[in-house]
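Here's an informal walk through one structure, taken piece by piece. Have the viewer open and follow along.

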Amino acid sequence: MPEEKEDKKETAGSTADDLAKEFKEHSVAEFFKKNRQMLGLTGKIKTLTVIVHEYVTNSLDACEEAKILPDIEVKLSEIGEEYYELYVRDNGPGLTKETVGKALGQLLAGTKFHRLIQQRGQQGIGAAGCTMFSLISTGKPIQVISGTSHGKAFKCDLTIDPKINSSKIMNLEDIDKPFKGVAIKAKFKEVKYQKSDQSPLEYLRRTAISNPHAKISFTEPDGTTTTFERSSKDIPKKPTPIQPHPKGVTVDELLTMAKYTKSRKVSSFLKDELDRMGDKAIEEISKSVDFDLNTDPKKLAWEQAEEIVKQFKKIQFIAPRLDSLIPIGEERIKKSIMGIVEPEFLEVVERKPTVYKGGFPFCVEVGIAYGGNAGRQAGTDEDGRNVWKSEILRFANRTPLLFDTGGCALTQAAQSIDWKRYGIKDFDNSPLTIFIHLLSVHIPYTGAGKQAVSPEEEVMEELRLALMDAGRKIYRFIGYQRKMAEKEAKRKMYYKYASEVATAIAELTEKKKEPIEKKLHEIVLKHLKLEEKKEAEEAKKMEGLTEEEIEREYEKKKGEGKKGKGRCKEEIKGR
Amino acid sequence: MQDKQVTKKLEDAGEEILKQIDKGENPNYELPIRNLNNIFFDEKSKTIKLGDKTSSRQFLNVAHSRKFMQTMLVAAGLKKVIKEQATTSIRDLFYNMKHTIEGTDENTFDTQDESDPLIEDLEASLNVLREELHLIATPKGLVAGEVKIKEAGGSVIDVSKMGSSGWAVPSNVEPEKIEIKEVDADYVLFIEKYATWNRFNEDQFWKKGKCILLTGKGQPARAERRFAQRLAKEQGLPIYALCDADPWGYYIYSVIKQGSISLSYSEEKLANPDTKFIGLTTQDAAEFKIPKDAQIKLNKEDLKRLAEMKDYSWFKKKEWQKEFDYMKEKGFKMELEALSAKSIRFITETYLPKKIQTKDFLP
């Protein structure tokens with residue numbers, strides 16, 4: 001017994017010691033090697049999609065920065081069981097021998113941290129994370145070819161030395177052939193390609209939709225190549241970074257900013273680094289806190305920062321600048337969806353930018369595509385007709401969100417709409433593609449996976465308003481289309497029976513069938529035209545109505561529908 | 001009514017529709033409504049009669065169009081049957097009219113259930129009898145007893161010599177077709193079930209009991225009811241019904257006596273208003289000490305039907321209301337076969353003679 005006790009003590013002691021030692025010795029890379037899920041690389045199917053995302057996002061960002069229309073080629077080959085080779089090539093500005101190591105072989109090397117800007121964002125840990133994952137799963141380096149518009153192109157093998165979080169470049173050679181852009185060939189194990197809503201193909205399809213200026217082609221392991229052509233030649237304007245708004249800043253962020261600021265006093269630090277911070281606000285803060293705002297911001301304590309943030313909540317500020325957001329734009333979304341989704345009808349609504357939580361500018365763009373090839377085809381019914389399921393395409397800052405569908409505010413907003421009101425009787429089983437794009441300097445993700453947006457009140461409200469607006473517009477189309485289809489079905493039915501009725505009447509009256517049938521056709525057409533006229537009059541009545549009145553009409557119609565059964569019975573008369 | 005007149009009625013109906021078509025109107029055909037809402041119990045004739053409510057079946061109405069088309073086909077089909085001087089079963093007529101509508105995969109008729117009610121519609125609206133339309137329903141009725149039948153153009157049949165199979169009631173029992181002669185019986189026993197009829201016939205009850213045994217094997221067809229009516233009217237025989245003690249048995253009695261709802265337009269020729277209900281009643285269970293094992297618990301459906309019948313005006317007599325209440329209170333029903341639980345011949349040797357002797361009938 002005492003022995004055991006001693007053991008325990010020893011274990012506990014050594015664990016703490018080891019941890020401390022490990023922490024000192026192990027680089028960031030080593031840490032992630034042991035915590036693969038933190039790279040965002042969990043699940044065999046998801047991992048492959050996230051890897052494709054990291055490379056393609058890098059390419060898109062690089063092209064955008066260099067004002068180049070992106071041409072991106074992605075090819076996936078199966079080289080063994082759960083063993084794939086991925087080839088990604090772009091026509092971007094390219095990497096130099098100096099930058100290639102940092103870009104592809106050093107974790108957390110990006111410049112994107114602690115910046116408030118509308119950016120595509122990483123879902124895992126960037127392209128270096130992929131290099132890391134290739135190393136972990138296969139032990140092999142990745143192969144890179146890169147060239148800029150001037151100077152010679154080069155190729156090399158590249159991997160990460162996890163101990164020191166630094167790239168290791170091997171077999172570096174110049175190549176004589178002209179080459180512009182970056183091409184990467186990387187091998188991965190423990191991944192799986194499967195056609196699904198979460199596959200790289202679907203990811204790229206959606207990426208193409210939200211990046212109309214990009215041409216993206218994808219070759220699946222079975223050799224099938226799908227190309228998404230660009231529908232716009234406008235390279236998106238570069239969003240401007242904005243200073244954090246006092247209403248949207250956290251204690252931790254404030255302290256981080258204080259650490260790097262050039263300002264010498266807390267008061268000037270606040271004024272220089274935060275948006276909408278005036279002298280009046282500084283005065284109010286200085287009156288309310290029990291420390292001097294003239295101290296060095298680098299010496300700001302947590303408790304003091306906390307007190308400042310508390311004051312921010314009490315003070316009224318001008319709303320943040322909204323011009324920092326660059327939407328895709330109604331026309332470009334329309335062209336893109338028409339080209340890639342190929343619906344019969346499309347409505348796009350772009351809302352004006354606004355603010356959530358008082359400090360974060362955001363904006364929503366939605367599109368509703370109906371008919372044609374909209375929605376997902378889900379097999380065929382007994383009669384061989386295609387069966388359609390609706391799909392919701394979610395985007396945050398132009399990046400498709402493929403996972404955590406149910407837990408995402410974008411999905412929830414779409415599901416909270418009473419679609420029946422807009423003529424969509426069965427939302428889940430309709431040829432329907434809902435496009436939802438949320439753009440913000442700070443997307444309120446639910447978790448580190450960055451796959452779902454949390455339901456911020458103001459965001460939900462904007463999403464719903466946009467969807468309902470688009471719904472109203474599409475209602476006119478669906479209503480018209482349905483009416484036309486119903487009318488045609490009616491005509492067909494009457495014509496079908498007219499032939500039989502004419503035969504019977506001809507036999508009863510001993511006259512010729514054809515003239516009777518012809519007259520019956522005339523009667524049918526006349527009747528349908530009259531019906532149409534009545535409906536048009538009714539629709540006209542609806543036009544001048546307010547939202548509330550339409551609501552009332554809708555409820556009334558719903559009630560009539562229930563009573564409608566009675567109307568079907570033959571009309572009863574007294575003799 | 002002669003064939004010519006019937007044909008004319010059908011043609012006139014067609015001409016009427018043609019007129020509407022020529023005027024460019026929505027073709028429609030007016031029909032009497034044949035449901036509970038448009039029938040009444042006629043105190044004078046003591047039968048169910050059709051009221052005067054009509055409905056208009058329209059070609060240009062999504063809900064009517066197919067039925068309108070079918071009604072026209074039936075009218076034309078009937079004209080053809082009469083013209084060919086044939087007698088056709090309603091099933092034959094259904095097959096005759098059933099075909100795929102040109103250029104579609106839809107049939108003019110899918111089942112006989114679609115064509116049968118339309119025949120009744122036309123009978124009612126044109127005021128003609130089914131027999132006059134040369135239509136027959138499959139006959140299923142049987143007769144045993146001292147009676148001779150002469151069929152038109154045939155020989156005389158002595159029903160008492162027909163043995164255990166009995167004489168099958170033909171589909172048309174109108175006087176032009178059948179002559180009823182030499183009846184030696186005091187009453188007609190109209191039995192719901194074939195098995196019970198067979199027991200009575202095997203025991204030659206018609207001889208002992210001096211009666212004519214008639215069964216429609218369940219819900220009797222027109223022919224059996226018409227035949228019973230002729231026996232009653234021409235030979236002055238009272239009719240007694242013997243049915244199961246359940247809501248369906250009681251309704252069969254009610255159809256024999258005052259007619260059915262769907263044929264309400266011709267009940268004067270089919271109903272037997274003086275019929276009395278001899279049994280079986282649930283009250284008999286105690287009277288005749290029928291074993292509890294032979295009783296069947298009422299189900300939901302039975303209770304629903306029982307409540308409906310309690311409301312029919314022709315079942316308002318207190319004796320019937322008492323039986324309905326008793327059945328509901330005791331919560332059981334019985335089949336005629338329940339009497340066999342006492343002994344095989346209990347029904348012929350004890351039950352029926354006692355019932356007739358004590359005149360224990362329901363009106």
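B:L280 sits in the loop between β15 and α9 (284–287) of chain B. Its peptide bond with B:G279 is cis, with omega at about 0 degrees. Keep in mind that this is a predicted model, so everything here is read off predicted coordinates.

**Two odd phi values in chain B**

Next come two residues with backbone angles worth a look. B:Q204 has a phi near 50 degrees, which is a positive value in a residue other than glycine. You'll find B:Q204 in the loop between α5 (194–202) and α6 (205–208) of chain B. Is B:K289 buried or exposed? B:K289 counts as exposed, because it has 8 other C-beta atoms within 10 Å and the cut-off for exposed is 12 or fewer. B:Q204, with 14 C-beta neighbours inside 10 Å, is partly exposed, because that count falls between the exposed limit of 12 and the buried limit of 20. For B:K289, phi is again positive, near 50 degrees, and again the residue is not glycine. B:K289 belongs to the loop between α9 and β16 (296–297) of chain B.

**The sheets of chain B**

Strands in a sheet pair through backbone hydrogen bonds, and they can do so parallel or antiparallel. Chain B has an open sheet of 6 strands in the order β10-β7-β13-β12-β14-β15, and the pairing is mixed. At the edges are β10 (167–168) and β15 (276–279) of chain B, each paired on one side only. Inside that order, β12 (residues 187–191) and β13 (residues 211–215) of chain B pair in the parallel sense, with 5 bridges between them. As one example of the register, B:Y187 stands opposite B:C211 in β13(B).

There is also an open sheet of 3 strands in chain B, ordered β9-β8-β11, with antiparallel pairing. Why does each of β9 (156–158) and β11 (178–181) of chain B have one side without a neighbour in the sheet? Both stand at the edges with a single partner strand, so one side of each is left open in that sense. From one strand to the next, the twist averages 25 degrees. Strand β8 (residues 148–151) of chain B is joined to β11(B) by 4 bridges, and the two run antiparallel. In that pairing, B:K148 stands opposite B:K181 in β11(B).

B:A152 is found in the loop between β8 and β9 of chain B. B:A152 is exposed, because 11 other C-beta atoms lie within 10 Å and the limit for exposed is 12 or fewer. Leaving out residues up to four places away in sequence, B:A152 touches B:E176 and B:K177. The C-alpha atoms of B:A152 and B:E179 are separated by 7.7 Å, although the two residues are 27 apart along the chain.

**Helix packing**

A packed helix pair is described by the angle between the axes and the distance between them. Here are two such pairs:

| Helix pair | Angle between axes | Axis separation |
|---|---|---|
| α8 (residues 247–258) and α10 (residues 300–311), chain B | about 35 degrees | 9 Å |
| α3 (residues 44–65) and α5 (residues 126–138), chain A | about 140 degrees | 8 Å |

For the chain A pair, α3(A) and α5(A) are oblique to each other, because an angle of about 140 degrees is not over 145, the bound for roughly antiparallel. The crossing of α3(A) and α5(A) is left-handed. From α3(A), the contact uses A:I51, A:E54, A:Y55 and A:N58, while α5(A) brings A:G126, A:A127, A:G129 and A:C130. By class, that contact has 4 nonpolar, 3 polar and 1 charged residues.

Over in chain B, the pair packs at an angle of about 35 degrees. Here α8(B) contributes B:P247, B:Y250 and B:Y251, and α10(B) contributes B:D302, B:R305, B:L306 and B:M309. The residues of the contact of α8(B) with α10(B) come out as 5 nonpolar, no polar and 2 charged.

**Where the chains meet**

How many residues does each chain put into the contact? Chain A gives 28 residues and chain B gives 36 residues. On the side of chain A that touches chain B, α13 (457–509), α14 (513–543) and β17 (571–574) each supply at least two residues. The largest share of that side, 13 residues, comes from α13(A). By class, the chain A side divides into 13 nonpolar, 4 polar and 11 charged residues.

Terms used: Residues are numbered from 1 along each chain as its sequence is written. Chains are lettered from A and ligands numbered from 1 in the order in which they are written. This is a predicted model: local features need pLDDT of at least 70, side-chain atom pairs count only at pLDDT 80 or more; totals for chains, interfaces and linings use all residues. Two strands pair if DSSP finds at least two bridges between them. Axes are lines fitted to C-alpha atoms, for helices over the stretch in contact, and angles run from 0 to 180 degrees between N-to-C directions. Two residues are in contact if their C-beta atoms, placed from the backbone, lie within 7 Å. Ala, Val, Leu, Ile, Met, Phe, Trp, Tyr, Cys and Pro count as nonpolar, Asp, Glu, Lys and Arg as charged, and the others, Gly among them, as polar. Angles under 35 degrees count as roughly parallel, over 145 as roughly antiparallel, 65 to 115 as roughly perpendicular and the rest as oblique. A crossing is left-handed if the near helix is turned anticlockwise from the far one by less than a right angle, and right-handed if clockwise.
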